[in-house]
Amino acid sequence: MLAAGVAMGTGFFTAPLSAVAAPAPGLSAADIAAARRLFTASAYTRLDETLPSLLAAAEPSIEQSTAGAVLAADVWVLASQFAVKQGFTAAAGVYAEQAGTAARRSGNPVVLAAAARAAATPLRRTGRTDEALLLLHEAHTHLTSAPGPQPPSWRRQA
């Protein structure tokens, strides 16, 4: 089960994320995409300034809707990946666990797979490779068993 695999214990994120962040009114896909671009570009100082407001908005978003759960999971996956880059494995595990909770709430197999992938890195780094492999296998199963797009039905006109 995803929750068992990502439970990394408790801990606080001690990376140089801003200590106090004003809660954001809500998450937007555009804001998360912008933060993801900062991560991809290794603009970690700017990401450090941006991520706290996204994290503050993630928890309320998970309760708002399925779409909010998807956005929250995306934020926590990003936070987990950022923590890994900074060497904070325990914090990465905590964020990955939160991503897994949101992903399960969303029911979206792609989001579940992203959360599992985020959890696999801290699990491997803490010697729990078997759990990481199990999570990745479960994610693969979710992805391959999800119904794919159906071709349009064509009607023959007489």
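A salt bridge is taken here as a side-chain nitrogen of Lys or Arg within 4 Å of a carboxyl oxygen of Asp or Glu. In this predicted model, that rule gives a count of 1 salt bridge. The partners are Glu-131 and Arg-128, whose closest N and O atoms lie 3.0 Å apart. Because the partly exposed class begins where burial ends, at 20% relative accessible area, both partners fall into it: Glu-131 is partly exposed at 29% relative accessibility, and Arg-128 is partly exposed at 24%.

Turning to the overall fold, the protein chain contains 7 helices and 0 strands. Read from the N terminus, the order of elements is therefore simply α-α-α-α-α-α-α. Of the 158 residues in the chain, 39% are buried.

Much of the interest for a reader browsing the interior lies in the nonpolar core. The largest such core holds 39 residues, and the members that touch the most other members are Leu-27, Leu-47, Leu-51, Val-75 and Trp-76. Two or more residues are given to this core by each of α2 (29-40), α3 (44-64), α4 (66-85), α5 (89-106), α6 (109-125) and α7 (129-145). Helix α4 provides the largest share, with 10 residues.

On the outside, charge is the next feature to look at. Lys-85, Arg-117, Arg-124 and Arg-125 together form a positive surface patch. Helix α6 supplies the largest share of this patch, 3 residues. Arg-124 is a handy residue to locate first when viewing the patch: it is found in helix α6 and has a relative accessible area of 44%, which makes it partly exposed. Since patch residues need over 30% relative accessible area, the 44% of Arg-124 satisfies that part of the rule.

One backbone detail also deserves a look. Ser-42 is not a glycine, yet its phi is positive, at about 60°. This serine is placed in the loop between α2 and α3. At 47% relative accessibility, Ser-42 counts as partly exposed; the exposed class would require over 50%.

Taken together, the model shows a chain of 7 helices with a largest nonpolar core of 39 residues, a positive surface patch that includes Arg-124, and a salt bridge between Glu-131 and Arg-128.

Methods:
Residues numbered from 1 in each chain as written. Predicted model: local features only at pLDDT ≥ 70, side-chain atom pairs only at ≥ 80, totals over all residues. Heavy atoms only, no water. Core = buried A, V, L, I, M, F, W, Y, C linked by side-chain atoms within 4.5 Å. Buried < 20%, exposed > 50% of the residue type's maximum accessible area, 1.4 Å probe, protein only. Helix = DSSP H or I, 4+ residues; strand = E, 2+ residues; numbered from the N terminus. Patch = residues over 30% accessible without salt bridge, like charges linked within 9 Å, V, L, I, M, F, W, Y side chains within 5 Å. Areas by Shrake-Rupley, 256 points an atom, 1.4 Å probe, with all protein chains shown as cover. Lys, Arg positive; Asp, Glu negative; His and termini not counted. Charge placed at Lys NZ, Arg CZ, Asp CG, Glu CD.
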